[in-house]
Amino acid sequence: MTIEQIAVIGAGTMGNGIAQVSALAGYQVLLVDVSEAALERGVATLGKNLERQVSKGSIEAGNADAAKARIRTSTDYSQLAAAQLVIEAATENLQLKQRILQQVAANVGEQCLIATNTSSLSVTELAASIAHPERFIGVHFFNPVPMMALVEIIRGLQTSDATYAQALLVTEKLGKTPITAGNRPGFVVNRILVPMINEAIFVRQEGLASAEDIDTGMRLGCNQPIGPLALADLIGLDTLLAIMQAFHEGFNDSKYRPAPLLKEMVAAGYLGRKSGRGFFTY
Ligand SMILES: NC(=O)c1ccc[n+]([C@@H]2O[C@H](COP(=O)([O-])OP(=O)(O)OC[C@H]3O[C@@H](n4cnc5c(N)ncnc54)[C@H](O)[C@@H]3O)[C@@H](O)[C@H]2O)c1
């Protein structure tokens, strides 16, 4: 099967980025959301991002226009019938995603592959919600999608070799580098990154060093582009706490216990950049 049309479910932060890179790579794209307003925002965002790429000289104006022309939007799942690949990038909620996947499966053709961009849910469990779990796979993009080169490909227990091979092909055609990860909480990158940030919070909590010195240490000592505490503020401390709690529960291992200071800051409403205060003030 040749994949020519990709449908993206969810026009939010990740969905509009996935639609953008898919259209730029030459795929026909159908962007689906429950909300017309979200579709309008998504298309406006990807339009601005394409213009920025043109003004930076990374793509030609003609390519940006052609990419925009390849994107259609809809709130109607019956439009999915023509897609060969559906990438689900809707709100991170198990019950919601299970409902969406059942709706997708009921509207696509026999051969259509279905992928999820979930960050924290089990690909195996999501696959089990549809009749053909062998055609289901995780494709985990990074934010912002047009800028980040990596995609983690996650095989559920049921994913077939053919589905996996197609996911690798599409990822490469999108200009991304795939790595393959098993279906465990956090896959590879977040599994390593988030406990590192949590450890930085323990170091801060113990008063071993100031927030500035912890970040300077990791930037200059490990060549990290941004220190772990500034990164915590950027991601959102509530999001980090939810991820650590999911690791703690998912692995049943005390090494993933969230730092008490992280819990306390979330309880205080110090969520990082989005609340104006985290380890730093904004
Ligand atoms: N934001 C990130 O940094 C990031 C990174 C990697 C993966 N992810 C994952 O990507 C997915 C999307 O995250 P996001 O940050 O783009 O979320 P978001 O909140 O920005 O967008 C979610 C979109 O899904 C839409 N939606 C909700 N219910 C729907 C339905 N029934 N049908 C169609 N659309 C529906 C919402 O209207 C919204 O536009 C999540 O699974 C998340 O875990 C997020």
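**Exercise 1.** In this predicted model, determine how many of the five residues of strand β2 (residues 28-32) are buried, and what follows for the strand.

*Solution.* Apply the burial cut-off: a residue is buried if 20 or more other C-beta atoms lie within 10 Å of its own. Four of the five β2 residues meet this criterion, so the strand is largely enclosed by the rest of the structure.

**Exercise 2.** Find the strands that pair with β2, and give the direction of each pairing.

*Solution.* Start with strand β1 (residues 5-9), which runs parallel to β2 and is joined to it by five bridges. In this pairing, I9 stands opposite V32 of β2. Next, trace the connection: the chain leaves β1, passes through α1 and enters β2, a β-α-β crossover that is right-handed. Then turn to strand β3 (residues 71-74), which pairs with β2 over four bridges, again in the parallel sense. Here L30 is the residue opposite R72 in β3.

**Exercise 3.** Describe the shell around the ligand by residue count, residue class and contributing elements.

*Solution.* First, count: 24 residues surround the ligand, and G10, G12, M14, S119 and N143 are the closest. Second, sort them by class: eleven are nonpolar, eleven polar and two charged. Third, assign elements: at least two shell residues come from each of α1 (13-24), α4 (94-107) and β6 (136-141). Of the elements, α1 gives the most, with three residues.

**Exercise 4.** State the domain bounds and the separation of the domain centres.

*Solution.* The domain assignment gives domain 1 as 5-181 and domain 2 as 190-273. Their C-alpha centres lie 29 Å apart.

Key:
Residues are numbered from 1 along each chain as its sequence is written. This is a predicted model: local features need pLDDT of at least 70, side-chain atom pairs count only at pLDDT 80 or more; totals for chains, interfaces and linings use all residues. A residue is near a molecule or strand if its C-beta atom, placed from the backbone, lies within 6 Å of it. Ala, Val, Leu, Ile, Met, Phe, Trp, Tyr, Cys and Pro count as nonpolar, Asp, Glu, Lys and Arg as charged, and the others, Gly among them, as polar. Domain bounds come from an automatic or database domain assignment. A residue is buried if 20 or more other C-beta atoms lie within 10 Å of its own, exposed if 12 or fewer, and partly exposed in between; C-beta atoms are placed from the backbone. Two strands pair if DSSP finds at least two bridges between them. A crossover is right-handed if, with the strands pointing away from the viewer, the path from the first strand over the helix to the second runs clockwise.
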